[in-house]
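Welcome to this short tour of a protein and its ligand. Have the sequence and the structure open beside you, and follow the topics in whatever order suits you.

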Amino acid sequence: MTTIQNIEIKLGMEGLTPGKIVTLYRRAPLLRAVDTPERVWKKFEASSVVISAWYGEQLAGVARALTDGVSESYLCELAVEPDVQGSGIGKRLLDEVFEQCRGTELLLRHSNISSRYYVKLGFRQVDNAWTLKLK
Ligand SMILES: CC(C)(COP(=O)(O)OP(=O)(O)OC[C@H]1O[C@@H](n2cnc3c(N)ncnc32)[C@H](O)[C@@H]1OP(=O)(O)O)[C@@H](O)C(=O)NCCC(=O)NCCS
């Protein structure tokens, strides 16, 4: 049985592959288009913080963040395997992100199904964020 006690949290890319990440994103599911494995891997390589959760060889969840280490951080594409959602893995991944980004303000974009989750974890909705999609 998978319990939070036998989940291992890793910092960095160890054990991750493009295929494992894309499979997790599709299964979770992330409510946005999932990039090709090549593009997903490029995003992981460029991230300042990569955290993964494992039960044995099985990938249970991932979180990554971009941070300047001083004032600003951005949380990207948190996802947990559906079979083990609700068992505290998302919270463990985020606790590690908080640790790695401490002292900064952490921003994120939520999906409709996850907005209440972030409220629960203490995030506050802001009305001064702007976005521009670049070509
Ligand atoms: C959202 C997600 C990452 C949460 O991870 P998780 O491991 O299932 O969550 P946790 O077990 O750490 O939950 C911690 C607490 O938040 C609650 N919670 C979990 N998902 C929630 C949701 N969608 N809305 C409100 N509360 C939620 C849990 O019940 C738990 O409460 P408790 O401490 O009182 O028991 C996961 O459900 C997921 O991958 N969802 C699909 C992908 C997604 O939406 N990602 C976010 C994109 S921005």
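A pocket here is an open set of grid points, taken over the protein atoms alone, with protein on both sides within 12 Å along at least five of seven lines. A molecule counts as sitting in such a pocket if more than half of its atoms lie within 2 Å of its grid points. With that in mind, the ligand of this predicted model takes up the space of the largest pocket.

**The ligand and its shell**

- The shell around the ligand has 22 residues, and those that come nearest are Gly86, Gly88, Gly90, Lys91 and Lys120.
- Lysine 120 also makes a polar contact: a polar atom of its side chain is 2.7 Å from an oxygen atom of the ligand.
- The backbone takes part too, with a polar backbone atom of glycine 86 lying 2.8 Å from a ligand oxygen atom.
- For serine 87, a polar backbone atom is found 3.2 Å from an oxygen atom of the ligand.
- The ligand taken alone exposes 900 Å², and 73% of that is buried by the protein.
- Three elements, β4 (72–80), α3 (89–100) and α4 (115–120), give two or more residues each to this shell.
- Helix α4 gives the most, with four residues.
- By class, the shell holds 10 nonpolar, eight polar and four charged residues.

**The largest pocket**

- The space in the largest pocket comes to about 1100 Å³.
- Its lining is made of 37 residues, with Leu30, Arg32, Glu77, Leu78 and Arg109 the closest to the pocket centre.
- At least two lining residues come from each of α2 (37–46), β3 (58–67), β4, α3 and α4.
- Here strand β4 gives the most, with seven residues, whereas α4 gives the most to the shell around the ligand.
- The lining divides into 19 nonpolar, nine polar and nine charged residues.

**The second largest pocket**

- About 760 Å³ of space is found in the second largest pocket.
- Its lining has 20 residues, and Leu107, Leu108, Arg124, Gln125 and Val126 are the closest to its centre.
- Strand β5 (105–108) and helix α4 each supply at least two residues of this lining.
- The largest share, four residues, comes from β5.
- Helix α4 is worth following between the sites, as it supplies residues to this lining and to the lining of the largest pocket.
- The lining of the second largest pocket contains 11 nonpolar, six polar and three charged residues.

**Backbone details to look at**

- Alanine 28 and proline 29 are joined by a cis peptide bond, with omega at about -15°.
- Proline 29 belongs to the loop between α1 (18–27) and α2.
- Glutamate 77 has a positive phi, near 50°, although the residue is not glycine.
- Glutamate 77 is part of strand β4, and it is among the residues closest to the centre of the largest pocket.

Conventions. Residues numbered from 1 in each chain as written. Predicted model: local features only at pLDDT ≥ 70, side-chain atom pairs only at ≥ 80, totals over all residues. Heavy atoms only, no water. Near = heavy atom within 4 Å. Polar contact = N/O pair within 3.5 Å; in protein donor to acceptor, adjacent residues only side chain to side chain. Areas by Shrake-Rupley, 256 points an atom, 1.4 Å probe, with all protein chains shown as cover. 1 Å grid on protein atoms, 1.4 Å probe; cavity = no way out; pocket = protein on both sides within 12 Å on 5 of 7 lines; lining within 4 Å. Nonpolar A, V, L, I, M, F, W, Y, C, P; charged D, E, K, R; others polar. Points joined across faces, edges and corners; volume = space filled by probe spheres on them.
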